[in-house]
Amino acid sequence: MQNKLKLPLAIAVASALLIGCSSNKVKEAKPNPLPKIQQQQGLNLVFSQSVSSTNAAEALRLQLDTDNGMIFAIDPDGQVSAYKGKQRLWKNKVTKQELTAGVEAGEGIVVVGNRKGQLFALDQATGEQKWTTQLSGAILSPSLIQSGRVITIANDGTIFAHDAVSGQQVWAYKLPNVQFSLRGQPAPVRLDDRTIVVASANAYVYGLDVISGVPRFQRRVAISEGRSDIQRLIDIVGDPVVAGQYLVTTSFQGQVTVTDLATQRVVWSEDASSTNRPEVSGDKVFVSTVDGKLNAYSLSTGELAWQNEELLNRQLSNPVMLGQNLVVGDLDGVIHLIDPASGKLIGRAKTSGEVQSLRVIDNQLYVATRKGALSIWQNR
């Protein structure tokens, strides 16, 4: 088996900067100060929960989720909790090992994973552990629950499907090995009732039958022009996005790419280095880059509609649409509101710790930070 080196993002960025430099010192880029906003829009906090903080070098994908009117939270110390409003319904410590991925809720269960490759499924109503199973590597991204299957990607590139009721393994699919890659893994995403899409460190996306695991398509969506192993890293770390007939992907040191799912042809591709999930709204694709730019492209043509550089080096999260506003988080826990038509900053809110991930569910913003602040917000 080919050995792989998994690099944290910060090390990969620093190494790429060092290559070709005459000096061994890299001047660390300072985050831009927060720009002034004259007329601020804001957000209202509707739920918050503090859990254990996570190591800055670890690529964890912790998130809140909701199903059947309940909110489910994960604590890296091994606990999973359920809430109805602000009332806690149950709490269960499922492992002594650090939980590194979840929560994913659906079909009556809650699923989380740990760094030892253990996958746990709990009953949504009671928190009772329904089943557990051992995967072939650490679990660093949330599972996908779809059509009676729990789809999970281990950090060695193996995709597993387990029966959602019994936990029995139904199929497994091995992605190609690469010598170097970033530590992290995009989550599987739903294409339709019978198909999921997964992205790999080799810059390919794969369509798999969710029931049988049979491959339906594969397509390369990024290319590298680097001269060294580090410069040739073009991992897809952010989740792909399905937008109608299009599949939108981003890659580290690669491109933002739109692929037509019907023809499997690339519609357009533009250079942009990103490790975050893109956002699609209307005819625009929004991308936050590794160096802190926010770019808006035409979904149909790839034309750059606008670029915001006011948040350079602020370690931006993935962008999301909340109502009529674009939202992105940063290293200081600031949640920025942006006019999606112009890219102008129009408001902000504050949480605690570097924002790791944003999600919008039922027009509410779900926020997870590295400091362990899990919160839900809505527009004022």
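Select residues 254-260 and 265-272 to begin: these are strands S23 and S24, paired in the antiparallel sense over 7 bridges. Strands here are DSSP runs of E with at least two residues, numbered from the N terminus, and two of them pair if DSSP finds at least two bridges between them. The model is predicted, so local features need pLDDT of at least 70 and side-chain atom pairs count only at pLDDT 80 or more, while totals for chains, interfaces and linings use all residues. Residues are numbered from 1 along each chain as its sequence is written, and side-chain values use heavy atoms, with hydrogens and water left out.

Stay on this hairpin and pick Thr257, which stands opposite Ser269 in S24. The hairpin has 4 residues between the strands, and Gln264 takes a positive phi near 65° there.

Next, select 279-281 and 304-308, which are strands S25 and S28. They belong to an open sheet of 4 strands, in the order S25-S26-S27-S28, with antiparallel pairing. S25 and S28 each have a single partner strand and stand at the edges, so one side of each is left without a neighbour in the sheet. From one strand to the next the twist averages 15°; axes are lines fitted to C-alpha atoms, and angles run from 0 to 180 degrees between N-to-C directions.

Add residues 284-288 to the selection: this is S26, joined to S25 by 3 bridges, and the two run antiparallel. Glu279 has Phe286 in S26 as its bridge partner.

Now turn to the rings. The structure holds 6 aromatic pairs. Rings of Phe, Tyr and Trp (its six-membered ring) pair if their centres lie within 6.5 Å; planes under 30 degrees apart count as stacked, over 60 as edge-to-face and the rest as tilted.

Show Phe72 and Trp90, a tilted pair at 6.3 Å centre to centre with 45° between the planes. Phe72 lies in strand S5 (residues 70-75) and Trp90 in strand S7 (residues 87-93), so the pair ties together parts that are 18 residues apart in sequence. Phe72 and Trp90 are both buried (under 20% relative accessible area with a 1.4 Å probe, protein chains only; exposed is over 50% and partly exposed in between).

Finish with Tyr173 and Tyr206. Their ring centres are 6.3 Å apart and their planes at 55°, so this pair is tilted. Tyr173 is in strand S15 (residues 169-174) and Tyr206 in strand S19 (residues 204-209), 33 residues apart, and the pair links distant parts of the chain. Tyr173 and Tyr206 are both buried. Add Tyr204 to the view: Tyr173, Tyr204 and Tyr206 form one aromatic cluster.
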